[in-house]
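Ready for a bit of practice in reading a protein model? Grab a pencil and try each exercise before you look at its solution.

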Amino acid sequence: MRVRVRDRSSYSAAELDELRAWLEVAYDDGPWRSEHWDDIGPGPHVVAEDDDGSLLAHACVAWVPVTFGDTPLRTGYLEDVATRPDVRGRGYGTAVVSATHPLIRADASIGFLATGSQPFYERLGWVRWRGPSSVVELDGTTTPTPDEDGFLMVLRFPETPEVSLDLPVARPRRDPDEAW
């Protein structure tokens, strides 16, 4: 297995379609909107591949401004983490997520994600966010997102500004016409 980082711009449209189809199978929740890739922006993709280049696991980082209480921070928003169903439990997901940590640390103040798989991320250093969540709408208003409460996690680094895990957290609503 090898782990490598790919910029979104290095993918052709056909490769992004293939990756989206692969993720639909890995998540077992397709079909995804074709605009999905327009939503996530140019952040890096981290992939684990076997010797013949077949995709084993994937993770993507988007650079998103998130406000923790009154503190706005640039986050490395981890998303689209998946492992091919037939190779789960072999460390490939751990490898791609771990490979995102130095990327996030280099370009953001804190890591951020939403997941239903908290124990997986906790063993990799992520902690659960306990405060209430919301999104900032395109018009600047804020909408509570109680369905995300309990599913958000952060990855803090020694240089991350001190923010209480109990503070409200607000992230921007994705503009369908713009990447993050």
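Here are four exercises with worked solutions.

This is a predicted model, so local features need pLDDT of at least 70 and side-chain atom pairs count only at pLDDT 80 or more, while totals for chains, interfaces and linings use all residues. Residues are numbered from 1 along each chain as its sequence is written, and side-chain values use heavy atoms, with hydrogens and water left out.

**Exercise 1.** Work out how the span of helix α3 compares with the expected one.

*Solution.* Start with the range: α3 covers residues 92–107, which is 16 residues. (Helices are DSSP runs of H or I with at least four residues, strands are E runs with at least two, and both are numbered from the N terminus.) Next, the expected span is 1.5 Å times one less than the number of residues, giving 22 Å here. Finally, the first and last C-alpha of α3 are 24 Å apart, close to that value.

**Exercise 2.** Find the buried residues of α3 and what they pack against.

*Solution.* Buried means under 20% relative accessible area, exposed over 50%, and partly exposed in between, with a 1.4 Å probe and protein chains only. In α3, Tyr92, Gly93, Val96, Val97, Thr100, His101 and Ile104 pass the test. Their packing partners include β3 (55–68), β4 (71–83) and β5 (110–114). Now zoom in on Val97: beyond its neighbours within four places in sequence, Val97 is in contact (heavy atoms within 4.5 Å) with Leu78, Val81, Phe120, Tyr121, Leu124 and Trp126.

**Exercise 3.** Which members of the largest nonpolar core touch the most other members?

*Solution.* A nonpolar core is a set of buried Ala, Val, Leu, Ile, Met, Phe, Trp, Tyr and Cys residues joined through side-chain atoms within 4.5 Å. This one has 22 residues, and Leu78, Val96, Val97, Tyr121 and Trp126 touch the most other members. Then look at the elements: β2, β3, β4, α3 and β9 each give two or more residues, and β3 gives the most, with five. Don't miss the second, separate core of 14 residues, which includes Tyr77, Phe112, Val163 and Leu165.

**Exercise 4.** Is Ser134 buried or exposed, and what does Ser134 contact?

*Solution.* First, locate Ser134 in strand β7 (residues 133–136). Ser134 counts as buried because its relative accessibility is 12%. Last, leave aside neighbours within four places in sequence: Ser134 is then in contact with Thr142, Thr143, Pro144, Thr145, Val169, Ala170 and Arg171.
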